[in-house]
Amino acid sequence: ASDRALELLHKIKDQYALGADDMCLNTFTYTSVINALAKSGKPAAAEQLLYDMELMFNNGNDEVQPNTIVFNSCIDAWAKSGFLFKANKANSLLTRMEEAVSGGNTSYKPNIITYNAVISAGANSFGNANIQGKAFKIALDAYKKVQLSQDVQPTTFTYTLLFKAIRRLIDSQHPKETMAKKNLEYCLEDGLLDLRILSQLNLIFDNPDKLLTVFKSFGYDGSGSVDIRRTPAQWRCNRGYQDVKPDVFSYTSTIAAHAQDQKDPRASDRALE
């Protein structure tokens, strides 16, 4: 499917070059193809299209302005790839975004999805100790940027991915547990504890009693294995689908559902839900 999408993109591009003004490509067209490439495990091809967009935009084509969504797709493609240096690739894209924002280009501004994707690239890295050490640093640096940001707030996914990075990329047990405890404190302060995070913590600590002791040090009053239902409500008060926010595509889909009311009276109600 991604090869077909790329083929159609080049075909439209060729027709426009031959004078078909109604075949002008835009950001949405490129984003669709980049998403297809990302989902097909072709991060290099996705990033090449991003470079093409930047080149055309810099040459005066305002219809193909890259944005945060496009960059996020490319970063996520690297994160999910089998490339050995995926964390470096993801971090390079983040750096380009940050440099562009520093230069006044707000359309490249990273959001929490950006940082989560970079942390994911680190957490899912593999290779020798040197590669994994660098990958962990990239993941931790991305998390620290979220901590220091005035505009970006962490989500449950942020902490799930961070704890996964700690679990997979730190070899020694004591440093692993120390790092986990330190960041668990931040997680609890943010009210983002959930079952996925607890699952990662259970894998980090080599026995349930150790994890129980850590939770008790923060005020947990349960016994046996840590039960999320017995944790203080403020530790999990900000959970939810925080990465998912309505955008123009969401509202367009809702409008389309209204248009289907004659065929299915419940379509618009379900869409609004």
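Me: Are the residues F215 and Y220 buried or exposed?

Reply: Both F215 and Y220 are buried, a term that stands for a relative accessible area under 20%, whereas exposed means over 50% and partly exposed in between (1.4 Å probe, protein chains only). The model is predicted, so local features need pLDDT of at least 70 and side-chain atom pairs count only at pLDDT 80 or more, while totals for chains, interfaces and linings use all residues. Residues are numbered from 1 along each chain as its sequence is written, and side-chain values use heavy atoms, with hydrogens and water left out.

Me: How do you know what secondary structure the chain has?

Reply: Helices are DSSP runs of H or I of at least four residues, and strands are runs of E of at least two, numbered from the N terminus. By that rule the chain holds 13 helices and zero strands.

Me: What share of the chain is buried, and what supplies its exposed surface?

Reply: Of the 273 residues, 41% are buried. The chain exposes about 14700 Å², and carbon and sulfur atoms supply 53% of this area, computed by the Shrake-Rupley method with a 1.4 Å probe, where for residues only the protein chains shown count as cover.

Me: What part of the contacts joins residues 24 or more positions apart?

Reply: A contact requires heavy atoms within 4.5 Å. Among contacts with a separation of 6 or more, 63% are between residues 24 or more positions apart.

Me: Why is the pairing of K80 and D76 called a salt bridge?

Reply: The term requires a side-chain nitrogen of Lys or Arg within 4 Å of a carboxyl oxygen of Asp or Glu. For K80 and D76 the N to O distance is 3.0 Å, and the criterion is therefore met. K80 is exposed, at 65% relative accessible area, while D76 is partly exposed, at 28%. In general, side chains of opposite charge can pair when their charged atoms come close.

Me: What makes D141 and K137 a salt bridge, and where do they lie?

Reply: Their N to O distance is 2.8 Å, which satisfies the limit, so the name applies. D141 and K137 both lie in helix α7 (residues 129–148), four residues apart, about one turn of the helix. K137 has a relative accessible area of 52% and is therefore exposed, whereas D141, at 28%, is partly exposed.

Me: How do you know that K210 and D206 form a salt bridge, and how many does the structure hold?

Reply: The closest N and O atoms of K210 and D206 are 3.2 Å apart, so the pair qualifies. K210, at 31% relative accessibility, is partly exposed, as is D206 at 49%. The structure holds 10 salt bridges, and E47, E54 and R96 are linked in a network of them.

Me: Why is the pair Y143 and Y159 called edge-to-face?

Reply: Rings of Phe, Tyr and Trp (its six-membered ring) pair if their centres lie within 6.5 Å; planes under 30 degrees apart count as stacked, over 60 as edge-to-face and the rest as tilted. The count comes to seven aromatic pairs. For Y143 and Y159, the centres are 5.5 Å apart and the planes at 65°, hence edge-to-face. Y143 lies in helix α7 and Y159 in helix α8 (residues 156–169), so the pair ties together parts 16 residues apart in sequence. Y143 is buried at 1% relative accessible area, and Y159 is buried at 0%. The rings of F215 and Y220, with centres 6.1 Å apart and planes at 75°, are likewise edge-to-face.

Me: Which residues do ring pairs link into a cluster?

Reply: The cluster consists of W78, F83 and F85.
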